[in-house]
Amino acid sequence: QVQLVESGGGLVQAGGSLRLSCAASGSTGTLNFMGWYRQAPGKQRELVARMSNGGSTNYADSLKGRFTISRDNFKNIVYLQMNSLKPEDTAVYYCNIVVVVPYRDNNVYWGQGTQVTVSS
């Protein structure tokens, strides 16, 4: 089992910045991907960014250049730096970890979500 604890959401004006953090504890395995998804009202949950513990990253194309993911592998914390925020970035942001299990299905865990609201 893995537990994810998120922090850093809140209300910010358009053009502002926020930094989200997510700490993982438990069985995070040898290879894993930690990242962020978001879900706006009435929309499907979508990938924001994710990063492996080896350093490879994936970003939603539309967010490249404004959002930056990083992680501290020793502490099992993933960060999402969000700059130049827009009202359309308003959503619940969910931390996610995929623990790769060789020859078996991967284990996937979600955080409880943190609200990010960007006012115009």
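The disulfide between C22 and C95 in this predicted model has a torsion of about -85 degrees about its S-S bond, so it is left-handed. The two sulfur atoms sit 2.0 Å apart, and the count for the structure comes to one disulfide. C22 belongs to strand β3 and C95 to strand β9, so the bond ties together parts that are 73 residues apart in sequence. Both cysteines are buried.

Let us turn to the sheet that includes β3. Here four strands form an open sheet in the order β1-β3-β8-β7, and their pairing is antiparallel. Its edge strands, β1 and β7, each pair on one side only. From one strand to the next, the twist averages 15 degrees. Within this sheet, β3 and β8 run antiparallel and are joined by six bridges. One residue pair to look for is L20 with its bridge partner L80 in β8.

L80 also leads us to the nonpolar core. The largest such core has 29 residues, and L80 is among the members that touch the most others, along with L4, W36, M82 and Y93. Eight strands, namely β1, β3, β4, β5, β7, β8, β9 and β11, each supply at least two of its residues. Which strand gives the most to this core? That is β9, with five residues. As a general point, nonpolar side chains in soluble globular proteins tend to be buried together.

L4 deserves a second look. Setting aside neighbours within four places in sequence, L4 is in contact with both disulfide cysteines, C22 and C95. Its other contacts include A23, A24 and M34, as well as N96, I97, Y109, W110, G111 and Q112.

Now for two loop residues, set side by side.

| Residue | Loop | Relative accessibility |
|---|---|---|
| N76 | between β7 (67-72) and β8 (77-82) | 17%, buried |
| Y103 | between β9 (91-99) and β10 (107-110) | 87%, exposed |

Why does N76 count as buried? Its relative accessible area is 17%, and buried means under 20%. Beyond its neighbours within four places in sequence, N76 is in contact with C22, A23, A24, T28, M34 and R71. Among these, C22, A23, A24 and M34 are also contacts of L4.

Y103, by contrast, counts as exposed at 87% relative accessibility, where the cut-off is over 50%. Its C-alpha atom is separated by 21 Å from that of S56, and the two residues are 47 residues apart along the chain.

How values were computed:
Residues are numbered from 1 along each chain as its sequence is written. This is a predicted model: local features need pLDDT of at least 70, side-chain atom pairs count only at pLDDT 80 or more; totals for chains, interfaces and linings use all residues. Side-chain values use heavy atoms; hydrogens and water are left out. Buried means under 20% relative accessible area, exposed over 50%, partly exposed in between (1.4 Å probe, protein chains only). Contact means heavy atoms within 4.5 Å. A nonpolar core is a set of buried Ala, Val, Leu, Ile, Met, Phe, Trp, Tyr and Cys residues joined through side-chain atoms within 4.5 Å. Two strands pair if DSSP finds at least two bridges between them. Axes are lines fitted to C-alpha atoms, for helices over the stretch in contact, and angles run from 0 to 180 degrees between N-to-C directions. A disulfide is a pair of cysteine sulfur atoms within 2.5 Å.
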